[in-house]
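Biologist: Could you walk me through this model? I have a few quick questions as we go.

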Amino acid sequence: MARTMMIAGITIASLAALTMLGRKRSAGNTPFRHVRPAGTEAMRDQPEDWDIVDEQSDGSFPASDPPGNY
């Protein structure tokens, strides 16, 4: 029984590794290709007013928790 479980585990791990090897992604084929870097430099339309809270909020997006100084 233990030997059968070990063989099954090795087989499943091998198949998972082969599957991951077959999924090569290019830089433009990721789920995050439309996410820009944080900061005003990467913005198309830069804001006139930009303070530390704006900077921290922008840098933490899409995290669920806002910066501590909100």
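Biologist: Where does V35 sit in the chain?

Modeller: In this predicted model, V35 belongs to the loop that runs between α1, residues 2-22, and α2.

Biologist: And is V35 buried or exposed?

Modeller: V35 counts as exposed, because its relative accessibility is 55% and the cut-off for that class is over 50%.

Biologist: How far is V35 from F61 in space?

Modeller: Their C-alpha atoms are separated by 9.8 Å, while along the chain V35 and F61 are 26 residues apart.

Biologist: OK, what about T40, where is that one found?

Modeller: T40 is also in the loop between α1 and α2, but T40 is buried, with 17% as its relative accessible area, and the limit for buried is under 20%.

Biologist: What separates T40 from E55, in sequence and in space?

Modeller: Measuring from C-alpha to C-alpha in the model, T40 and E55 are 8.3 Å apart, with their positions 15 residues apart in sequence.

Biologist: Switching to charge, which residues gather in the patch of negative charge?

Modeller: On the surface, that patch brings together E41, E48, D49, D51, D54 and E55.

Biologist: Take D54 from that list; which helix is it in, and what are the helix limits?

Modeller: D54 is placed in helix α2, which covers residues 52-60, and D54 counts as partly exposed because its relative accessibility is 30%.

Biologist: Then D58, which helix holds it, and is D58 buried or exposed?

Modeller: D58 is likewise found in helix α2, but D58 is buried, since its relative accessible area is 15%, and that falls within the class defined as under 20%.

Biologist: What lies 2.7 Å from the side chain of D58?

Modeller: The backbone nitrogen of G39 does, at 2.7 Å from a polar atom of the D58 side chain.

Biologist: Zooming out, how many helices and strands are there in the chain?

Modeller: The chain has two helices and zero strands.

Biologist: And what share of the residues count as buried?

Modeller: The chain has 70 residues, and 10% of them count as buried; T40 and D58 are both classed as buried.

Biologist: Last one, how much area does the chain expose, and what do carbon and sulfur atoms supply?

Modeller: The exposed area of the chain is about 6,400 Å², and carbon and sulfur atoms supply 59% of it.

Notes. Residues are numbered from 1 along each chain as its sequence is written. This is a predicted model: local features need pLDDT of at least 70, side-chain atom pairs count only at pLDDT 80 or more; totals for chains, interfaces and linings use all residues. Side-chain values use heavy atoms; hydrogens and water are left out. Patches are made of residues with over 30% relative accessible area and no salt bridge: like charges are joined within 9 Å, nonpolar side chains (Val, Leu, Ile, Met, Phe, Trp, Tyr) within 5 Å. Accessible areas come from the Shrake-Rupley method with a 1.4 Å probe; for residues, only the protein chains shown count as cover. A salt bridge is a side-chain nitrogen of Lys or Arg within 4 Å of a carboxyl oxygen of Asp or Glu. Lys and Arg count as positive and Asp and Glu as negative; His and the chain ends are not counted. The place of a charge is taken as NZ of Lys, CZ of Arg, CG of Asp or CD of Glu. Helices (H or I, at least four residues) and strands (E, at least two) are DSSP runs, numbered from the N terminus. Buried means under 20% relative accessible area, exposed over 50%, partly exposed in between (1.4 Å probe, protein chains only). A polar contact is a pair of N or O atoms within 3.5 Å; within protein, one must be able to donate a hydrogen and the other to accept it, and residues adjacent in sequence count only if both atoms are side-chain atoms.
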